[in-house]
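Here's a quick briefing to read with the model open beside you. It goes from the overall picture to a few helices, some charged pairs and the odd bits of backbone.

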Amino acid sequence: MKFKPQDVLIAVAILSVVMLIIIPVPPAVMDIMLILNIAVSLMVLLMTIYITEPLQFAAFPTVLLLLTIFRLALNIRTTTLILGNNGDAGSVIRTFANFIIGDNLVVGLIIFVIIIMVQFVVITKGAERVAEVAARFTLDAMPGKQMAIDADLNSGLIDEQQAKERRSKIQREADFYGAMDGSSKFVKGDAIIGILITIVNIVGGLIIGLVGDSGMTTDEVVNTYLIATVGDGLCSQIPALLVSTSMGIIVTRATSENNLGRDLAAQFGAQPVLFLILGGMMVFFAIIPGMPTIPVLLLALLMGGLGYLLLRAQKKAALVEEAPKDVQEEAAKEMLKPEKVTTLLQVDLIGVELGYGLLPLVDASQGGDLLERVVMIRRQLVMDLGIIVPVIRLRDNIQISSSQYVIKIKGIEVASGEVKMDHFLALSTGEVMGKIDGIPTVEPTFGLPALWITAANRERAELLGYTTIDPPSVIATHLTDVIKRHSAELLTRQQVQILVDNLKTQQPALVDEVVPKLFSLGELQKVLASLLREGVSIRDLGTILETLSDYSAVTRDTETLVEYVRQAMGRAISKRFIPDGKARVITVDASVEQLMVERMRRTDQGTYVALEQNELQAIYLSLRNALERITNMGLTPIVLTSPLIRRQFKKLTEQIAPDFVVLSYNEISPDVQVKSEGVVTLR
């Protein structure tokens with residue numbers, strides 16, 4: 001590991017702090033140390049003000065510990081100087097004491113005690129409690145946040161790398177707030193030891209001055225040691241107060257895009273009426289007898305003027321957003337021009353229509369990120385299925401319910417759903433520890449029972465074991481599922497040409513050999529669509545073309561070619577449908593396979609199996625029983641057949657189980673462990 005200068009500097013600084021406890025230092029050096037302590041504490045306070053989220057200062061707990069040790073070391077050294085140098089601990093301590101005490105020692109001591117009480121009772125205790133509560137709620141919310149990440153990953157909203165980064169951030173947040181909870185104890189202990197050191201300095205100084213050979217009178221002893229003690233306490237407590245305030249700010253700071261100053265200015269500035277009301281109240285205070293009229297009126301004028309300026313700025317911004325009159329007139333003229341009816345003939349391959357109540361989801365100025373999620377869906381589908389999803393059109397539709405959305409393929413509605421703004425969809429994970437109030441509904445993608453809950457109940461729902469999903473994620477998940485189910489319809493010849501052209505840049509010889517010499521673009525499209533129809537990725541287009549080239553002389557039948565391609569892609573298919581390498585499947589009895597082979601008929605329209613009604617009923621009943629049994633075991637249904645009948649068995653049983661997977665023995669990777677959990681028979 002290569003060491004950098006900052007690594008050595010930090011190590012030296014920490015060792016120096018520890019050595020400061022043991023090694024005596026002269027008053028001049030102590031002055032520098034005390035000034036440095038105040039400067040570093042101010043820098044920490046400014047750092048907490050200007051960060052936008054707590055993790056940007058993740059080293060704060062460690063910095064807090066080091067500053068506490070540094071202050072304690074300074075306290076020990078200053079105590080040594082006060083008690084062993086006749087109360088002379090340097091000019092910094094003397095200056096602080098004279099500034100606070102002035103000419104009245106009693107008043108100065110009272111102010112000093114008040115500062116200590118504020119530091120210990122208000123700032124330190126409050127920051128400690130906030131850190132404790134933040135740590136507890138952060139740790140309690142971790143399971144719900146992890147499940148939310150898994151839901152986004154499964155729906156294709158994020159990729160594996162983004163999920164890893166989000167999980168890492170959640171872990172770092174938990175570590176940070178846990179460390180802050182522990183670090184707050186250092187601040188509390190530092191405040192207590194500061195009070196004890198002050199008492200020791202006063203008592204010890206009086207004893208040394210009155211009993212020893214100091215040569216000072218009683219008044220001189222009291223003044224000397226009390227002034228030195230107050231100055232030492234201030235030099236210690238003021239930096240401690242700054243650091244305690246920093247801790248309070250960072251544990252109460254919510255994640256934001258701006259720093260604390262900009263957030264406060266934006267949030268207070270958004271309500272100019274408040275300043276006008278406050279100005280009016282100040283005028284009322286000014287007429288109360290005994291009130292300082294002039295200062296209060298000046299304050300009222302300041303508040304009223306600020307409110308007026310903010311209100312005028314808001315109106316000006318609203319005018320800028322409105323379209324100028326000439327622009328509106330130009331738009332009206334444009335509408336009166338002859339319409340180009342040819343534009344009405346265009347049909348979008350895929351589109352989403354939103355009720356007017358859902359429009360904020362696509363408005364970035366209102367925090368809507370649905371457009372960004374759509375972009376992520378297109379990228380994820382390229383990785384999962386190897387298809388280039390066409391541009392997804394998002395439009396408003398006033399003819400549907402305000403909270404409804406409709407998904408269309410080639411202009412025809414194929415799916416719809418309803419979401420509630422400012423709510424979250426709560427799904428049971430199977431281990432729910434309690435009930436929560438909500439509006440019963442059905443999750444649109446998988447048809448699971450769910451609840452619409454308010455944002456205020458989200459954290460409680462996650463603690464009870466629910467997975468909570470926001471409205472954009474609900475729509476994005478549903479849209480992803482619809483695209484996957486209709487991916488074969490969305491694969492046009494133009495898109496196939498784009499895929500082929502992309503492959504040609506990497507394997508030009510292969511493309512020149514196959515397309516269009518052996519297979520036309522339309523024939524290749526049929527093969528790819530057949531693969532997509534059963535959820536097989538076509539991303540490895542090179543293997544697909546090589547297989548087609550190898551078997552082009554054997555057959556031109558599309559269905560047969562698809563089976564050859566599937567066998568060539570066996571490893572990818574096994575990984576896709578059997579990711580853990582352990583397949584618990586439903587097999588087909590040899591008598592059923594033999595019967596299907598004997599009844600297979602080939603026509604110009606394709607191959608089909610001519611079974612009698614009673615034979616079909618027996619196969620359907622046996623398959624349904626096997627599917628129910630394996631579904632009750634919590635497994636994904638997979639049917640395993642011989643290569644001869646795989647395609648025909650899939651077509652035969654699509655009516656009763658359209659989503660289950662049918663694989664052939666030749667498509668299973670050799671390292672997959674296969675266990676039969678049911679058999680399809682004629683009995």
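Let's begin at a loop: Met-291 sits between α9 (272-286) and α10 (293-321). Keep in mind that this is a predicted model. With a relative accessibility of 37%, Met-291 counts as partly exposed, because the buried class stops under 20% and the exposed class starts over 50%. Met-291 also belongs to a nonpolar surface patch, alongside Val-273, Ile-277, Leu-278, Met-281, Phe-284, Phe-285, Ile-287 and Ile-288. Together, the patch residues have about 790 Å² of accessible area.

**The whole protein**

- You're looking at 24 helices and 14 strands.
- Of the 683 residues in the protein, 42% are buried.
- Among contacts with a separation of 6 or more, 76% are between residues 24 or more positions apart.
- The protein exposes about 37,300 Å², and 61% of that comes from carbon and sulfur atoms.

**Helix α12**

- For the 16 residues of α12, 1.5 Å a residue predicts a span of 22 Å, and the end C-alpha atoms are indeed 22 Å apart.
- Its buried residues are Leu-370, Arg-373, Val-374, Ile-377, Gln-380, Leu-381 and Leu-385.
- Those residues cover an arc of only 125° around the axis, so they sit on the same side of α12.
- Flip to the other side of α12 and you'll find Glu-372 and Arg-379 exposed.
- The cover over the buried residues of α12 includes β1, β2, α14, α15 and α18.
- Just past the end of α12, Gly-386 has a positive phi of about 80°.

**Helix α16**

- The twelve residues of α16 (residues 493-504) should span 16 Å at 1.5 Å a residue, and the distance between the end C-alpha atoms, 16 Å, agrees.
- Gln-495, Val-496, Leu-499, Val-500 and Leu-503 are buried in α16.
- Looking down the axis, the buried residues of α16 fall within an arc of 140°, so they line one face of the helix.
- Among the elements covering them are α15 (487-490), α17 (508-514), α18 (521-533) and α19 (541-551).

**Salt bridges**

- The structure has 20 salt bridges, and three of them are picked out below.
- Asp-348 and Arg-393 pair through their side chains, at 3.8 Å from N to O.
- Asp-348 is in the loop between α11 (325-336) and β1 (350-354) while Arg-393 is in strand β2 (residues 393-396), so this pair ties together parts 45 residues apart in sequence.
- Both partners are partly exposed: Asp-348 has 22% relative accessibility, and Arg-393 has 41%.
- Asp-470 and Arg-373 form another salt bridge, at 3.3 Å from N to O.
- That pair links distant parts of the chain, 97 residues apart: Asp-470 is in the loop between β8 (466-469) and α14 (471-485), and Arg-373 is in helix α12 (residues 370-385).
- Arg-373 counts as buried, with a relative accessible area of 11%.
- Glu-534 and Arg-647 meet at 2.9 Å, N to O.
- Here the partners are 113 residues apart, with Glu-534 in the loop between α18 and α19 and Arg-647 in helix α24 (residues 646-653).
- Both ends of this bridge are buried: Glu-534 has a relative accessible area of 13%, and Arg-647 has 14%.
- Glu-534 and Arg-647 are part of one network of salt bridges with shared partners, which also takes in Glu-563, Arg-566, Arg-646 and Glu-667.

**Backbone oddities**

- As a rule, most residues other than glycine have a negative phi, and most peptide bonds are trans.
- Val-515 and Pro-516 are joined by a cis peptide bond, with omega about 0°.
- Pro-516 lies in the loop between α17 and α18.
- Lys-410 isn't a glycine, yet its phi is positive, near 55°.
- You'll find Lys-410 in the loop between β3 (404-409) and β4 (412-418), where it is partly exposed at 42% relative accessibility.
- Asp-422 is another non-glycine residue with a positive phi, this one near 60°.
- Asp-422 sits in the loop between β4 and β5 (423-428) and is exposed, with a relative accessible area of 66%.

How values were computed
Residues numbered from 1 in each chain as written. Predicted model: local features only at pLDDT ≥ 70, side-chain atom pairs only at ≥ 80, totals over all residues. Heavy atoms only, no water. Helix = DSSP H or I, 4+ residues; strand = E, 2+ residues; numbered from the N terminus. Expected span 1.5 Å × (residues − 1). Buried < 20%, exposed > 50% of the residue type's maximum accessible area, 1.4 Å probe, protein only. Arc of directions from axis to C-beta. Contact = heavy atoms within 4.5 Å. Patch = residues over 30% accessible without salt bridge, like charges linked within 9 Å, V, L, I, M, F, W, Y side chains within 5 Å. Areas by Shrake-Rupley, 256 points an atom, 1.4 Å probe, with all protein chains shown as cover. Salt bridge = Lys/Arg side-chain N within 4 Å of Asp/Glu carboxyl O.
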